[in-house]
Amino acid sequence: MMRYWGLDVLKCVHCKSFPLEIYVIEYERQDIDTSGIEKPFCKVYCGYLRESIQQDKEYPCGECIKIGIKTAILYCQSCKHWYPVKNGIVIMLTDNKRKLERDLEFLRTYKEKIPENILREGKPVNLESAPH
């Protein structure tokens with residue numbers, strides 16, 4: 001299952017930008033023992049709060065780690081590429097390895113929960129460039 005802490009290490013496959021934005025569509029709260037975890041759990045970027053880590057700040061790591069992300073979109077603001085999270089698995093492939101019809105199906109299925117800029121301008125495919 002994808003976790004917010006993954007955003008602490010993931011970079012865009014195309015332009016290597018960091019951090020990626022996340023738009024969570026479906027998640028589940030899981031019963032995980034978080035006692036004894038080092039805080040902050042993330043070292044550079046807190047995806048849960050969408051901010052860079054500051055050493056003198058208290059972070060809700062215990063709450064964050066319990067969230068399993070089932071469906072989401074990761075988005076690179078720099079080059080506009082987006083990557084789906086399906087069944088808890090991040091799918092970060094180069095354009096030539098992606099199945100564009102599956103990507104379009106993902107956008108159409110969740111279009112009510114995806115930001116408009118991704119639907120219109122996202123790469124490698126978006127609803128504006130798709131054949132109707």
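**A chat about the chain and its unusual backbone spots**

Reader: Hi! Where does P40 sit?
Author: P40 lies in the loop between β1 and β2, the latter spanning 45-46. Keep in mind that this is a predicted model.

Reader: Thanks! And what is the peptide bond from K39 to P40 like, cis or trans?
Author: The K39 to P40 bond is cis, with omega near -5 degrees. Another cis bond runs from F18 to P19, again with omega near -5 degrees. P19 is in the segment before β1 (21-29).

Reader: Why point those out?
Author: Because most peptide bonds are trans, and most residues other than glycine have a negative phi.

Reader: Oh, phi! Which sign does phi have at K80?
Author: K80 is not a glycine, yet its phi is positive, about 70 degrees. You'll find K80 in the loop between β4 (67-75) and β5 (82-86). N87 is not a glycine either, and has a positive phi of about 50 degrees. N87 sits in the loop between β5 and β6 (89-90).

Reader: Is N87 buried or exposed?
Author: N87 is exposed, because its relative accessible area is 72% and the cut-off for exposed is over 50%. K80, at 30%, counts as partly exposed.

Reader: Let's zoom out. How many helices and strands are there?
Author: Three helices and six strands. Starting from the N terminus, the order is β-β-β-α-β-β-β-α-α.

Reader: And what is the radius of gyration?
Author: 16 Å, which agrees with the value near 14 Å for a compact globule of 132 residues. Buried residues make up 42% of the chain.

Note on methods:
Residues numbered from 1 in each chain as written. Predicted model: local features only at pLDDT ≥ 70, side-chain atom pairs only at ≥ 80, totals over all residues. Heavy atoms only, no water. Helix = DSSP H or I, 4+ residues; strand = E, 2+ residues; numbered from the N terminus. Rg over C-alpha atoms; globule rule 2.2 N^0.38 Å. Buried < 20%, exposed > 50% of the residue type's maximum accessible area, 1.4 Å probe, protein only.
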